[in-house]
Amino acid sequence: PDLELPPLASEADVPVETWQRVLRLNRFGDRPEPVILASMYRHLAHAPVFLQRLEAALTPVQADGSLDRAILANRRSAYQRERLLARAIAADRPPSADQIERSVSAFVDHAISKMVTICRAIRAARGAVSS
């Protein structure tokens with residue numbers, strides 16, 4: 001849809017407690033040290049009450065490990081399907097293929113699968129996803 005999102009918030013744009021919540025949420029489903037700050041949280045920093053509700057909902061599933069398990073299940077499903085797609089788009093590897101792969105792996109193997117899982121949960125909670 002034609003929808004203009006608010007600009008990505010930075011630490012200077014929001015109250016300290018909102019930015020701290022953004023950083024806490026970003027660690028959910030993440031490695032011990034997150035490498036990428038998810039832009040979704042930066043957009044949602046303009047809606048601190050929603051972030052607060054999101055944190056309240058995600059805290060228990062992060063604590064009991066079910067968020068990590070859901071992310072892993074999504075990752076496994078994507079890996080299975082990627083092989084089929086890869087055959088359809090196979091091409092010669094460019095000379096810089098290894099460097100490209102290292103550069104995007106943090107997004108492909110981690111940040112995207114993490115955020116797809118969390119975003120789908122948000123959509124489902126808002127009634128936007130059908131079975």
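Start your tour by selecting Val104, which lies in helix H5 (residues 97-125); helices here are DSSP runs of H or I with at least four residues, numbered from the N terminus. Before going on, note that this is a predicted model, in which local features need pLDDT of at least 70 and side-chain atom pairs count only at pLDDT 80 or more, while totals for chains, interfaces and linings use all residues. Residues are numbered from 1 along each chain as its sequence is written, and side-chain values use heavy atoms, with hydrogens and water left out.

**Stop one: a surface patch**

Is Val104 buried or exposed, or in between? Val104 is partly exposed, because its relative accessible area is 35% and the partly exposed class falls between buried (under 20%) and exposed (over 50%), using a 1.4 Å probe and protein chains only. Now add Ile100, Phe107, Val108, Ile112 and Val116 to your selection: with Val104 they make a nonpolar surface patch of about 480 Å². Such a patch joins nonpolar side chains within 5 Å, from residues with over 30% relative accessible area and no salt bridge.

**Stop two: the largest pocket**

Keep Ile100 selected and add Ala91, Asp92, Arg93, Pro94, Ala97 and Glu101; these residues line the largest pocket. Its volume is about 250 Å³. A pocket is an open set of points on a 1 Å grid where a 1.4 Å probe fits, with protein on both sides within 12 Å along at least five of seven lines, and lining residues have an atom within 4 Å of a point. Color the lining by class and you will find 4 nonpolar, no polar and 3 charged residues.

**Stop three: the salt bridges**

How many salt bridges are there? The count comes to 3, each being a side-chain nitrogen of Lys or Arg within 4 Å of a carboxyl oxygen of Asp or Glu.

Select Arg21 and Glu55, whose side chains meet at 2.6 Å, N to O. This pair links helix H1 (residues 16-27), home of Arg21, to helix H3 (residues 48-63), home of Glu55, across 34 residues. Arg21 counts as buried at 17% relative accessibility, and Glu55 is buried too, at 11%.

Next add Arg24, which also forms a salt bridge with Glu55, at 2.5 Å. Arg24 is in helix H1, 31 residues apart from Glu55. Arg24 is partly exposed, at 31%.

Finish with Asp30 and Lys114, whose closest N and O atoms are 2.9 Å apart in a salt bridge. Asp30 sits in the loop between H1 and helix H2 (39-44), and Lys114 in helix H5, 84 residues apart. Both Asp30 and Lys114 are buried.

Note on methods: Points joined across faces, edges and corners; volume = space filled by probe spheres on them. Nonpolar A, V, L, I, M, F, W, Y, C, P; charged D, E, K, R; others polar. Patch = residues over 30% accessible without salt bridge, like charges linked within 9 Å, V, L, I, M, F, W, Y side chains within 5 Å. Areas by Shrake-Rupley, 256 points an atom, 1.4 Å probe, with all protein chains shown as cover. Helix = DSSP H or I, 4+ residues; strand = E, 2+ residues; numbered from the N terminus.
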